[in-house]
Each structure stands twice: as C-alpha cells, then as structure tokens.
Amino acid sequence: MRGLNLDQVHAFADVIELGSFSAAAARQNLSQPAISQQIRQLEDRLGVRLIERVGKRAMPTPAGQALLDRVGEIDASVQNALDAVAGFANGTVGQVRIGTGATACIYFLPKVLEQLQRRFPGLEIIVRTGNTSDVLKSIEENSLDIGLVTLPASGRSLDIVPVLTDPFVAIFADGMDVPDLIRPADLADIPLVLYERGGQTRTIVDDWLRAAGVAGHSIMELGSVEAIKELVGAGLGATILPAMGARLGRTQFPIKTRKLAPDLARSLALVVRRDKVMGSGLREVRNGLIAAARDWAPNQSSSGT
C-alpha cells in the first residue's frame, strides 16, 4: 500500500468534523467534487470505506473511526519531522565535517569554532586533521564536507578558493646569536628540527632551501608543531614554521623568530565539492572560516623573544 496523502486525510477529518462534504469543501476553499474525489482516492488506497451517511450527516465507519483516532498522531509526527528539518534549513542544527592540517587546527580553528558554537549551539562540527592530499581525497569521497588546506591543491570535482596567506619564519632558541633576517645559507650548518615529510608545509620549506643550494641538516622530523618548538627552545636546533604556528610565549623554553629572505609563505584555501549541497550549517561554517581568514594576522613579533 502506498503512503498516505495528508491532504486526503485532512479532507476526511474535515468531512467528519463538519458533517458534510460541502462544509469541508468550503473550509478548504475547494469544490465539493474535489473533496469527494479526495475521499474516494483515500478509500481506494486503504481498501475500506471510511464514511457513511446517517440521515443527512456524514459519519465515520468503524474503519474511518480508527483512522480518525490517529489523525492527531499523524499530524504531530509530521510536525515533529518538519521541525527537525527546519533546524537544518536555518543552520541551528546539523553536522559539518571539516578537514585541515594540524597547524590550522591548533592555531586558527579554535576561535572560529567557538564563535560558531555560541551562535549555533545545535550545530555539531567534527574536525579531522591530515595532509592536503588526505583532506582532498576525503572531500571527493564525501566523508568530509569542507577543507582548509595548504596549496597547491587540485581536483576536477572540487571548488578551491584561496583565503589566507601565511608567511613562514625561522625559529631559534632565545639564546642563539642569529641575524635579524635569515637566509638559506644561515641555516646550512645548523641542525634543523622540521615538520614531517609528506605534507605541503614540509615541501615548501625543502623547496626554499633547495632553491638556494642548501640541503639542510635535518636531525628530527615531527608531526607536532608544539613539540618542534619545545625542542628548538631547548637548544637542539632551529626550524622553519608557518607564522600561524610560531606564536611566542607558548613554550616551556623561550624562543625567538626571524623573518626569511627571500620571503616564504604558504597559501591556504577552502575546498568543497562543486556539487555539494550548501545547507545553512555548511554555509555558516564556510562564511565563518572566510571571515576569520580575512581578519587573521600573525600574532607575534618577527624578532621578539
């Protein structure tokens, strides 16, 4: 049996409540034949008679009474369903899955997520970290809704919009004697604690050194920006990190940062599938990320301690 037509159910309920087809037609601003047709279609669909005449009044049959007793439940269930879906439509509930790198997850996302959660407490936001290639693959497979990744990034099914430029800086232990401007040659003989291979951040640093003919003496390769800074602060070497992750005053040991020459920066982009349905929840997350990227600036001195 096919599903119930709610218009037909409400036409039936009006006929019983008002006692006639003509009165129900007047209430619904329809013709009497239209109401009669709705009742016939409902009876055909259910395979039973729902209405009988007692004198001049339309009355429910036993089957009709059984249906009438449940019209309130049907309306309540439908309204609950509409209320649940309405939450997704206005962005107050739902789920949005974000993919990004570890640095952006630690230093960029928290403020954005706090603002979104305050504005939309029913919106569930899930964050997964990974390299650019991992995030792009997950977006293409629709296991992530949106990504904030380091360029370059590509994919025929993807919409990729650059939103933020993040310069790199060199980081040293506070007691090291280093120039105010760091060139690749300045790092040739210094042990380096670098971000792990496989991601765009490490590739950008390696290319910058290689372009100047400097191989770089990497003694440690880690996936944690905080761990890298702690080791550098302890005097085990120097590093090159995005300024986003080079916030001062967060390490056990004091560190200092220096600008690079030539300049080095990475570009971050928002990525979604071109055919992704942009529901209100996802739209609010995307707009929040764009606004935060527009307002973002490195919050440290390039030569401070």
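V285 reaches well beyond its own stretch of chain. Neighbours within four places in sequence aside, V285 is in contact with V96, I98, L116, L123, I125 and I146. All of this is read from a predicted model.

V285 belongs to the largest nonpolar core, which has 36 residues. F108, I146, M244, V285 and L289 touch the most other members of that core. Helix α11, residues 280-295, supplies the largest share, with five residues. A second core stands separate from this one and holds 18 residues, including I190, I204, L209 and V214. In general, nonpolar side chains of soluble globular proteins tend to be buried together.

**Helix α7**

L116, one of the contacts of V285, is also a buried residue of helix α7, residues 109-119. The other buried residues of α7 are L109, V112 and L113. Why do these residues lie on the same side of α7? Because they cover an arc of only 95° around the axis, they are on the same side of the helix. The face turned away from that buried side carries K111 and R118, both exposed.

**Strand β11 and its partners**

Strand β11 spans residues 255-260. Five of its six residues are buried, so the strand is mostly covered, buried being under 20% relative accessible area. β11 pairs with strand β6 and is also joined to strand β7, as the table sets out.

| Partner of β11 | Sense | Bridges | Example pair |
|---|---|---|---|
| β6 (residues 158-173) | antiparallel | four | I171 and T257 |
| β7 (residues 181-182) | parallel | two | L181 and K259 |

I171 stands opposite T257 of β11. On the β7 side, L181 has K259 as its bridge partner in β11.

**The N-terminal region and A63**

UniProt lists residues 4-61 as "domain: HTH lysR-type", in an unreviewed entry. Over residues 4-61 the chain is 62% helix and 14% strand. The C-alpha atoms at the ends of this stretch are 18 Å apart.

Helix α4, residues 62-68, contains A63. Is A63 buried, partly exposed or exposed? A63 is partly exposed, because its relative accessible area is 30%. Leaving out neighbours within four places in sequence, A63 is in contact with V48, R49 and L50. A269 is another matter: A63 and A269 are 206 residues apart along the chain, and their C-alpha atoms are separated by 61 Å.

Key:
Residues are numbered from 1 along each chain as its sequence is written. This is a predicted model: local features need pLDDT of at least 70, side-chain atom pairs count only at pLDDT 80 or more; totals for chains, interfaces and linings use all residues. Side-chain values use heavy atoms; hydrogens and water are left out. A nonpolar core is a set of buried Ala, Val, Leu, Ile, Met, Phe, Trp, Tyr and Cys residues joined through side-chain atoms within 4.5 Å. Buried means under 20% relative accessible area, exposed over 50%, partly exposed in between (1.4 Å probe, protein chains only). Contact means heavy atoms within 4.5 Å. The arc is that of the directions from the helix axis to the C-beta atoms. UniProt positions are given in the numbering used here, feature names are shortened, and annotations may be inferred rather than shown by experiment. Two strands pair if DSSP finds at least two bridges between them.
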